[in-house]
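Please go through the structure shown below and work out where a few chosen residues sit and what surrounds them.

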Amino acid sequence: MTAAAKRLSPYIACASILFAVIAVVVGQFDPDPHLDPLNITISEYAVSDRGGVTEVAMAVLGIGSLVLLVGLRVAGAPVRGWPERLLMVWSGALVVAAVVPTTPIGHDLDLAAQIHRYASIAAFVSLPAAGALMVPRLAADADWKPVARVVEWVALAGGFGLLAITYVALPGDRVLIGLVERVLLGAEVALLSVLAAWLVRLAWRRSTPEVANFPTYHRFIASRS
């Protein structure tokens with residue numbers, strides 16, 4: 001990635017996340033009038049979306065998350081180690097899930113659908129874990145401390161979402177699995193959005209010329225008078 005692209009990475013990441021959110025919402029608008037978004041997953045909904053909007057949104061979100069990671073590293077954010085690895089898992093798993101579709105509703109899972117399922121699980125698990133690991137690091141960093149508590153809240157929401165979707169998918173007989181999955185995805189996108197928005201703020205602040213040091217300036221004028 002070029003130096004210019006690295007400088008623009010916070011803005012590219014924000015634009016990617018915004019595009020993905022809008023595209024997912026658009027993709028939910030009635031690809032099939034018989035589908036109930038409260039009881040089917042986003043992946044199952046995407047199979048019926050002949051325009052492929054949902055898959056594109058997933059791929060863009062995955063790529064945008066990688067760009068966000070580049071921006072975080074360039075800005076010196078405390079993400080190295082496991083948070084960085086988990087963000088990479090999230091990004092790669094999203095792209096895989098977008099490229100490898102699941103089977104239509106009512107069909108047996110083939111190999112591609114199995115790959116899609118495990119990629120989705122990896123994505124859903126990795127991002128809340130990355131957020132939880134970031135919290136103490138952000139709290140100890142002067143630049144990132146203001147958003148540490150918000151990251152903690154959305155990571156916690158993602159953790160509860162994981163517990164809920166695990167229950168719904170196994171003993172819960174998939175009741176309202178679509179609603180639970182969308183709430184979980186909302187929490188995870190919120191986590192990315194907080195990081196991206198604060199990264200943009202830091203990049204903007206660092207690119208703005210510092211205000212003149214007025215006390216020093218006044219002492220300089222007084223010494224000349």
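## Residue environments

Q: In this predicted model, which helix holds Ser 9?
A: The model is predicted. Residues 3-27 form one helix, and Ser 9 has its place there. The helix is H1.

Q: Is Ser 9 buried or exposed?
A: A residue counts as buried under 20% relative accessible area. The relative accessible area of Ser 9 is 0%, so Ser 9 is buried.

Q: With neighbours within four places in sequence left aside, which residues is Ser 9 in contact with?
A: Contact requires heavy atoms within 4.5 Å. Once its neighbours within four places in sequence are set aside, Ser 9 is in contact with Val 67, Val 70 and Gly 71.

Q: Between which two helices does Thr 103 lie?
A: Thr 103 belongs to a loop. On either side of this loop are helix H4 (82-99) and helix H5 (111-139).

Q: Is Thr 103 buried or exposed?
A: The limit for buried is under 20% relative accessible area. Thr 103 has 10% relative accessibility and therefore counts as buried.

Q: What distance separates the C-alpha atoms of Thr 103 and Glu 44?
A: Along the chain, Thr 103 and Glu 44 are 59 residues apart. Their C-alpha atoms are separated by 7.5 Å.

Q: What is the accessible area of the nonpolar surface patch that includes Val 183?
A: Val 183 lies in helix H7 (residues 177-207). Its relative accessible area is 55%, so Val 183 is exposed. Leu 38, Val 175, Leu 176 and Leu 179 join Val 183 in the patch. Together they have an accessible area of about 410 Å².

Definitions and conventions. Residues numbered from 1 in each chain as written. Predicted model: local features only at pLDDT ≥ 70, side-chain atom pairs only at ≥ 80, totals over all residues. Heavy atoms only, no water. Helix = DSSP H or I, 4+ residues; strand = E, 2+ residues; numbered from the N terminus. Buried < 20%, exposed > 50% of the residue type's maximum accessible area, 1.4 Å probe, protein only. Patch = residues over 30% accessible without salt bridge, like charges linked within 9 Å, V, L, I, M, F, W, Y side chains within 5 Å. Areas by Shrake-Rupley, 256 points an atom, 1.4 Å probe, with all protein chains shown as cover. Salt bridge = Lys/Arg side-chain N within 4 Å of Asp/Glu carboxyl O.
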